[in-house]
Amino acid sequence: MAQQRNIKKVVLAYSGGLDTSVILKWLQVNYGCEVITMTADVGQEDDLNGVDEKALRTGATKAYIEDLREEFAKDFIFPMLRSGALYEGRYLLGTSVARPLITKRLVEIARAEGADALAHGATGKGNDQVRFELSAAALAPDLRVIAPWREWDLMSRTALNFFAEQHNIPISSGAKHYSMDRNMLHCSFEGGELEDPWEEPLEASHIMAVPFEKAPDEAEYVTITFEHGDPVAVNGEALSPAQIMVKLNELGRKHGIGRVDMVENRFVGIKSRGVYETPGGTIIYVAHKDLEGITMERETMHIRDMMMPSYAGAIYNGFWYSPEREAMQAFIDKSQERVSGTVRLKLYKGNAWPVGRESKNTLYCADLATFEECATYDHKDAAGFIKLNSLRIRGYRKDLIK
């Protein structure tokens, strides 16, 4: 209780939904503190009109709505996509990469407002509590972080609704079928039938990508132009980072691209089944990987690929602001200096196939690669190459020769 009395002002990550609305009031009741809310627009396409008014009616002294879309795309999504990161070989880290940005803005507001604590609505079973709090520890170790789900006794939807009714907090009439998180990179779905790993996801789990069966029967082509590993234009039109995400999400949605259904390993030790939709991010990932094929030096690529699981794990587990992620990012960004050019992709029924690529930095030499007669390559040279590379193998295996 002494700790509660020491908290004077809290900045709360606030969506306007039931959970964070209850948290807002619960903080006031249990901590007797001033609460300021921050609602982040990271491209989730929710109608945020009125969210600030609702926060103020529920008792907040100030309510921020922050447009973070361009910063999210430029400083978080694009650096991650430059790495080719996939968590456990499949997940494009859509939720994971948004949390450090949201926490960064919470801290900035806390500093400006003289707050002494942050608060979030992540539960005690998931990864997000770790991501928020590790980011806060890196950016503002002096600020306390309050996680109501680890403190209160409101452990059911019924209990939350009862608390809301007691304190005149408006309750949405429609119950959600899934636990969802959406931003401009992806939409995630958990719960419902997905809790049984054998059950096929319902059509309700399609928001950012149509079902394959409803995708057009005609393929569509798109070109993406990159500079130093970042997409800068779609079909020859220069766009901002956020505009590129919006444009490619539209194309990806139309063709049902970017859906993943997987059971993953949460950092806290629980296996969890989720469905992820990442339409635009998947198109960028495929195009970027293909462009690296003609622009990236072999050994540099192989070292980056060995690094990728560690880099992806750092983001998934909440270590965006860690020294190891920053060091890996420096190597990744150096490796991307030559990754400029254009890739042409064919979009059809959930797939994005690269069908053409060009770059002023290409390392591809048609004269060397051709099956026709080549003046710059002597086939006889390969014999010496093979002989030298076989020396250690011959020496290691000679004891097996009888």
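**Close-up views of the predicted model**

**View A. Lys-74 and its surroundings.** Leaving aside neighbours within four places in sequence, Lys-74 touches Pro-79 and Pro-241 (contact: heavy atoms within 4.5 Å). Lys-74 sits in helix 4, residues 69-83. Helices here are DSSP runs of H or I with at least four residues, strands are E runs of at least two, and both are numbered from the N terminus. The side chains of Lys-74 and Asp-75 share a polar contact of 3.3 Å. Such a contact is a pair of N or O atoms within 3.5 Å; within protein, one must be able to donate a hydrogen and the other to accept it, and residues adjacent in sequence count only if both atoms are side-chain atoms. Asp-305 lies 231 residues from Lys-74 in sequence and 22 Å away in space, C-alpha to C-alpha.

The model is predicted: local features need pLDDT of at least 70, side-chain atom pairs count only at pLDDT 80 or more, and totals for chains, interfaces and linings use all residues. Residues are numbered from 1 along each chain as its sequence is written, and side-chain values use heavy atoms, without hydrogens and water.

**View B. The five-stranded sheet.** The sheet is open, with strand order 3-2-1-4-5 and parallel pairing (a pair needs at least two DSSP bridges). Strand 3 (62-67) and strand 5 (144-146) each have a single partner strand, so one side of each lacks a neighbour in the sheet.

**View C. Strands 4 and 5.** Strand 4 (residues 117-119) runs parallel to strand 5, joined by three bridges. Leu-118 faces Val-145 of strand 5.
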